[in-house]
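Me: I have a structure to go through with you. Let's take it by pockets, then by single residues.

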Amino acid sequence: MARLILFNKPFNVLTQFTDRSIGAERQTLSNYIDVPGVYPAGRLDLDSEGLLLLTDDGRLQARIADPRFKTPKTYLVQVEGDVQEDALDQLRKGVMLKDGPTLPAGAERIDDPALWPRDPPVRFRKTVPDCWLQLTIREGRNRQVRRMTAAVGHPTLRLVRWRIGDWSIDGLQPGEWREVQAA
């Protein structure tokens, strides 16, 4: 039976078990997860938070991470500015990035999701409003969500992956994980 771990990756943690960079040592998965033989199914940038799946099953890892399978990934995104319906429509149709057009995304404006505080906090500017979006994409290009929101004029301030397929971090605080049955 394949092992599957749902991990709520904190901000500023690498999605690997070792850090081979030169200089200041950064936190890695090994600071949080002491389970031998599991590996991340996909990646989540250092400056992003939220759901990371880890498994010991190569086929399951490919099914989750390989863009050919188009597994939906849902993000809660705090963006700069007051997002209007025209920007949401652009996201829903797909936007043009330097590496080509994106697939259409699920995009809606949501109320502040009242997440855990981020350390360090997101920069607050009195004169610049911000709002939250829920975006669902089915591909996984490098920094895709950040590039998509920037392409419609609303740079990302905070990015939290909430769901991958049927799995979510609901009930998990940053740095917490739980093992679940693989589907």
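**Pockets, a ring pair and two residues**

Me: How much space lies in the second largest pocket?
Reply: Keep in mind that this is a predicted model. Among the residues that line the second largest pocket are Trp116, Pro117 and Trp132. The space in this pocket is about 160 Å³.

Me: How many residues of the lining of the second largest pocket are nonpolar, polar and charged?
Reply: The lining includes Leu115, Val122 and Pro121. Asp112, Arg118 and Arg158 are also part of it, and so is Gln78. The division is seven nonpolar, one polar and three charged.

Me: How much space lies in the largest pocket, and which residues are closest to its centre?
Reply: The largest pocket holds about 330 Å³ of space. It is lined by 23 residues. Closest to the centre are Arg43, Tyr75, Gly140, Arg141 and Arg161.

Me: Which elements give two or more residues to the lining of the largest pocket?
Reply: The lining divides into ten nonpolar, five polar and eight charged residues. Helices and strands both contribute. The elements are α1 (58-65), β4 (73-80), α3 (144-151) and β9 (156-164).

Me: Which residues of α3 are buried, and what covers them?
Reply: In α3, the buried residues are Gln144, Val145, Arg146, Met148 and Thr149. After the helix comes Gly153, with a positive phi near 90°. The cover over the buried residues includes β4, α2 (85-93), β5 (96-97), β8 (130-137) and β9.

Me: What kind of aromatic pair do Phe7 and Tyr32 form: stacked, edge-to-face or tilted?
Reply: The structure holds one aromatic pair. Its ring centres, in Phe7 and Tyr32, are 5.5 Å apart. Planes under 30 degrees apart would count as stacked and over 60 as edge-to-face. The planes here are at 45°, so the pair is tilted.

Me: How many residues apart in sequence are the parts that this pair ties together?
Reply: Phe7 lies in strand β1 (residues 3-9). Tyr32 sits in the loop between β1 and β2 (39-40). The parts tied together are therefore 25 residues apart in sequence.

Me: Is Phe7 buried or exposed, and where does Tyr32 fall?
Reply: Buried means under 20% relative accessible area. Phe7 has 0%, so Phe7 is buried. Tyr32 has 25%, which makes Tyr32 partly exposed.

Me: Is Ser168 buried or exposed?
Reply: Ser168 is in strand β10 (residues 167-168). The cut-off for buried is under 20%. At a relative accessible area of 10%, Ser168 is buried.

Me: Which backbone atom does the side chain of Ser168 reach?
Reply: Beyond four places in sequence, Ser168 touches Leu6, Leu51, Trp162, Arg163 and Arg178. Its side chain also has a polar contact at 3.1 Å. The partner is the backbone nitrogen of Asp170.

Me: Which backbone oxygen lies 3.3 Å from a polar atom of the side chain of Arg178?
Reply: Arg178 is in strand β11 (residues 177-181). Leaving aside neighbours within four places, its contacts include Leu4, Ile5, Ser168 and Gly171. Asp170 is in contact too. The oxygen belongs to Asp170.

Me: Where does Arg178 stand in exposure, and what separates its C-alpha atom from that of Thr18?
Reply: Arg178 has a relative accessible area of 30%, so Arg178 is partly exposed. Arg178 and Thr18 are 160 residues apart along the chain. Their C-alpha atoms are separated by 21 Å.

Notes:
Residues numbered from 1 in each chain as written. Predicted model: local features only at pLDDT ≥ 70, side-chain atom pairs only at ≥ 80, totals over all residues. Heavy atoms only, no water. 1 Å grid on protein atoms, 1.4 Å probe; cavity = no way out; pocket = protein on both sides within 12 Å on 5 of 7 lines; lining within 4 Å. Points joined across faces, edges and corners; volume = space filled by probe spheres on them. Helix = DSSP H or I, 4+ residues; strand = E, 2+ residues; numbered from the N terminus. Nonpolar A, V, L, I, M, F, W, Y, C, P; charged D, E, K, R; others polar. Buried < 20%, exposed > 50% of the residue type's maximum accessible area, 1.4 Å probe, protein only. Polar contact = N/O pair within 3.5 Å; in protein donor to acceptor, adjacent residues only side chain to side chain. Contact = heavy atoms within 4.5 Å. Phe/Tyr/Trp six-rings, centres within 6.5 Å; stacked < 30°, edge-to-face > 60°.
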